[in-house]
Amino acid sequence: MKHLREFDIAFVGLTPGVHTFQYQITDSFFENYGQQDFSNCNATVKLQFDKKSNFFLLKFEVGGTATVICDRCGQPFELQLWDDFNQVVKLVENPEEMNGDEDPDVTYIPRTESHLNVADFVYEFINLSFPMQRIHPDDANGKSGCDPKVLEMLDKMKEQGEDKTNPIWKGLEKFRDN
């Protein structure tokens with residue numbers, strides 16, 4: 001995997017306090033992480049890096065757009081991304097021993113470290129910005145943005161599923177009230 005140097009933060013030279021970093025993320029960023037279930041990503045990640053004496057408070061603000069496939073109609077559409085995430089990075093003597101805590105919001109790095117690479121955080125937080133269910137948003141009139149032909153087919157299938165004369169269910173009706 002190619003090392004993403006632009007995501008290295010040399011925290012040793014930073015004064016205590018809040019520092020702001022901004023990253024422009026496109027599809028080329030995700031080449032290091034393999035195939036994604038979205039395309040045409042155009043995201044901005046703003047990082048507020050609050051340096052304390054023995055730890056850092058990181059706040060990631062994700063915004064932008066990406067093209068995804070609609071779960072309902074199967075057609076691509078542009079999805080708005082927006083979310084923010086907090087991460088604590090603690091400087092410790094033995095980070096291997098601390099990883100047993102299993103707190104996903106806390107990362108441990110050695111005190112001897114001088115740089116923090118935030119590329120994996122950016123990758124994870126952009127992916128977490130996507131909703132579980134990706135469906136076309138409604139248009140200005142309140143109608144679904146999905147393909148009308150597909151919605152019509154889904155309605156027909158639903159009606160067929162509700163048809164009580166389906167022979168597959170014959171004989172099973174006696175068990176319905178038990």
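Which side chain meets Arg 134 in a salt bridge? In this predicted model, the partner is Asp 37, with an N to O distance of 3.2 Å. Arg 134 sits in the loop between α3 (119-128) and α4 (148-162). Asp 37 belongs to the loop between α1 (27-30) and β3 (39-51). The two residues are 97 apart in sequence, so the contact ties together separate parts of the chain. Arg 134 is buried, at a relative accessible area of 12%.

The whole structure holds seven salt bridges. Another of them pairs Lys 52 with Asp 50. Here the closest N and O atoms are 3.3 Å apart. The two partners fall into separate accessibility classes. Lys 52 is partly exposed, with 32% relative accessibility. Asp 50 is buried because its 16% relative accessibility lies under the 20% limit.

A further salt bridge joins Lys 156 and Glu 152, with 3.8 Å between the closest N and O atoms. Both residues belong to helix α4. They are four residues apart, about one turn of the helix. Lys 156 is partly exposed, at 49% relative accessible area. Glu 152 is also partly exposed, at 47%. Elsewhere, Lys 59, Glu 61 and Asp 84 form one network through salt bridges that share partners.

Aromatic contacts were examined next. The count comes to 15 aromatic pairs. One of them is formed by Phe 30 and Phe 38. Their ring centres are 5.0 Å apart. The planes meet at 90°, and the pair is edge-to-face. Both partners are buried: Phe 30 has a relative accessible area of 3%, and Phe 38 has 8%.

Phe 60 and Phe 121 make a tilted pair. The centre-to-centre distance is 5.9 Å, and the angle between the planes is 50°. This contact links distant parts of the chain, 61 residues apart. Phe 60 lies in strand β4 (residues 55-69), whereas Phe 121 lies in helix α3. Phe 60 is buried, with 0% relative accessibility. Phe 121 is buried as well, at 12%.

Aromatic residues also gather into a cluster. Its members are Phe 7, Tyr 23, Phe 29, Phe 30, Tyr 33, Phe 38, Tyr 123 and Phe 130. The edge-to-face partners Phe 30 and Phe 38 are thus among the residues of this cluster.

Technical notes: Residues are numbered from 1 along each chain as its sequence is written. This is a predicted model: local features need pLDDT of at least 70, side-chain atom pairs count only at pLDDT 80 or more; totals for chains, interfaces and linings use all residues. Side-chain values use heavy atoms; hydrogens and water are left out. A salt bridge is a side-chain nitrogen of Lys or Arg within 4 Å of a carboxyl oxygen of Asp or Glu. Buried means under 20% relative accessible area, exposed over 50%, partly exposed in between (1.4 Å probe, protein chains only). Rings of Phe, Tyr and Trp (its six-membered ring) pair if their centres lie within 6.5 Å; planes under 30 degrees apart count as stacked, over 60 as edge-to-face and the rest as tilted.
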